[in-house]
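Colleague: Please take a close look at the salt bridges in this model. Walk me through them one by one, with the exposure of each partner.

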Amino acid sequence: MNIQHFEDLPLSLEVMKSIKELGFIRPSPIQAQAIIPMLEGKDVIGQAQTGTGKTAAFGIPMIERLNPEGNSVQGLILEPTRELAIQVAEHISQLSKYTPFKILPIYGGEPIQKQIRNLNQGVHIVVGTPGRIIDHLKRRTLNLASVKIVVLDEADRMLDMGFIHDIEYILSKAPMNRQTSLFSATIDDSVMNICNNYMKNPEKIFVSKDEIALTQINQYYLVVNPKNKFEVLCSILDENHIKRAIIFCKTRRGTSRLANMLSARGYDAKPFHAGFTQSQRNLVVNSFRKRRIKLLVATDVASRGLDIQEITHIINYDIPLNALVYFHRIGRTARMGRGGTAISLVGYGELPQFNNIKTLTKTTIEELESMHLVI
Ligand code: AMP
């Protein structure tokens, strides 16, 4: 069946109401393909990255299939990072707003006692990072005996981060007759191994975001004297309609320095890097999300998996190491069909590195002669 509208899916009134409230009009391709098999209880492998709507693709069937009565954990979603655990838990809470489900993110860096208290109050869906989930399993503060649905989200990243044994341990604590789904941007042999070992006749769904999203991003670059980079950046910020931007830097120090320089010039800018504590990070991300700050000056590590809507511009203050990082960065804009602009400030010394990236991309990166872009 060709699913064009959410009304084409057999969803409850409660879930439909929250979908409407979130402003979703049409199911994204991964949602159109994954929701029905998952509602039918099938195992699903989804090749899809952040920005394709995959969270709702597994979140909606999970809410529909689980039973809100009782207070045991029935749904488990594994995520590679705390930011993703928080984001996904938030998104599923929005989707289940009109149901009695309780959703809890569990991640390292937050006091464990607080999580234990929340778990004791009864939780239906846990969204967590492997390390902290194991911690709770060993303390017996989390019991997976009633789990009916497991989702391994961003499986390739979890494997890259060395979580394979943790994942195996966690899966061994969930009942065999559960439903298991896996989502991953890339499906290589190690990901397929998990599918073969832990899933039953999985249905495979492939969705490529790259072609869709990248063509919606206007990509520009400007070759500059490195000494003038800051001034050029300020002109770009002044001359363009920038509602919300992420400015990428190479190092933590560079990030803090640039954020300070921008603040001193009167711009709403905050640094964001992996040297921050979890609560500092949450604070910055929340202010950015709630539009209290306009410019996030970030390193690549910190920005991984950040999903914030309506980022109008990505500015590469330092050129990324390779094309993959470049795509990751510019993919923070143009979420779910909205356009975006990416501008790279290429210092003379960075030209070879940038040319390398340029030749590897299939899309066009247009050279600008001046920073008065009017975009
Ligand atoms: P995800 O790929 O799950 O990280 O989703 C990316 C963003 O797209 C999230 O912020 C969602 O709120 C949004 N989104 C998900 N599904 C839809 C949809 N069908 N229509 C519009 N936006 C959506």
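Modeller: A salt bridge here is a side-chain nitrogen of Lys or Arg within 4 Å of a carboxyl oxygen of Asp or Glu. Keep in mind that the model is predicted. By that cut-off, Lys54, Asp153, Glu154 and Arg157 are linked in a network of salt bridges.

Start inside this network. Arg157 pairs with Glu154. Their closest N and O atoms are 2.9 Å apart, so the pair meets the 4 Å limit. Both Arg157 and Glu154 are buried. Buried means under 20% relative accessible area.

The whole structure holds 14 salt bridges. Two others deserve a look, and each links distant parts of the chain.

Take Glu7 and Lys20. Their side chains meet in a salt bridge, at 3.6 Å from N to O. Glu7 lies in the segment before α1. Lys20 belongs to helix α1, which covers 13–21. The two residues are 13 residues apart. How accessible are the partners? Glu7 has a relative accessible area of 51%. Lys20 has 56%. The cut-off for exposed is over 50%, so Glu7 counts as exposed, and so does Lys20.

Now Glu90 and Arg289. This salt bridge has its closest N and O atoms 3.5 Å apart. Glu90 is in helix α4, residues 82–95. Arg289 is in helix α13, residues 278–289. The partners are 199 residues apart along the chain. Buried, exposed or in between: where does Glu90 fall? Glu90 has a relative accessible area of 36%, so it is partly exposed. Arg289 comes in at 25% and is also partly exposed. Partly exposed is the range between the buried and exposed cut-offs.

Set the three pairs side by side:
- Arg157 and Glu154: 2.9 Å, both buried.
- Glu90 and Arg289: 3.5 Å, with Glu90 partly exposed and Arg289 partly exposed.
- Glu7 and Lys20: 3.6 Å, with Glu7 exposed and Lys20 exposed.

To return to the network: Arg157 and Glu154 are two of its members, and the others are Lys54 and Asp153.

Definitions and conventions:
Residues are numbered from 1 along each chain as its sequence is written. This is a predicted model: local features need pLDDT of at least 70, side-chain atom pairs count only at pLDDT 80 or more; totals for chains, interfaces and linings use all residues. Side-chain values use heavy atoms; hydrogens and water are left out. Helices (H or I, at least four residues) and strands (E, at least two) are DSSP runs, numbered from the N terminus. Buried means under 20% relative accessible area, exposed over 50%, partly exposed in between (1.4 Å probe, protein chains only).
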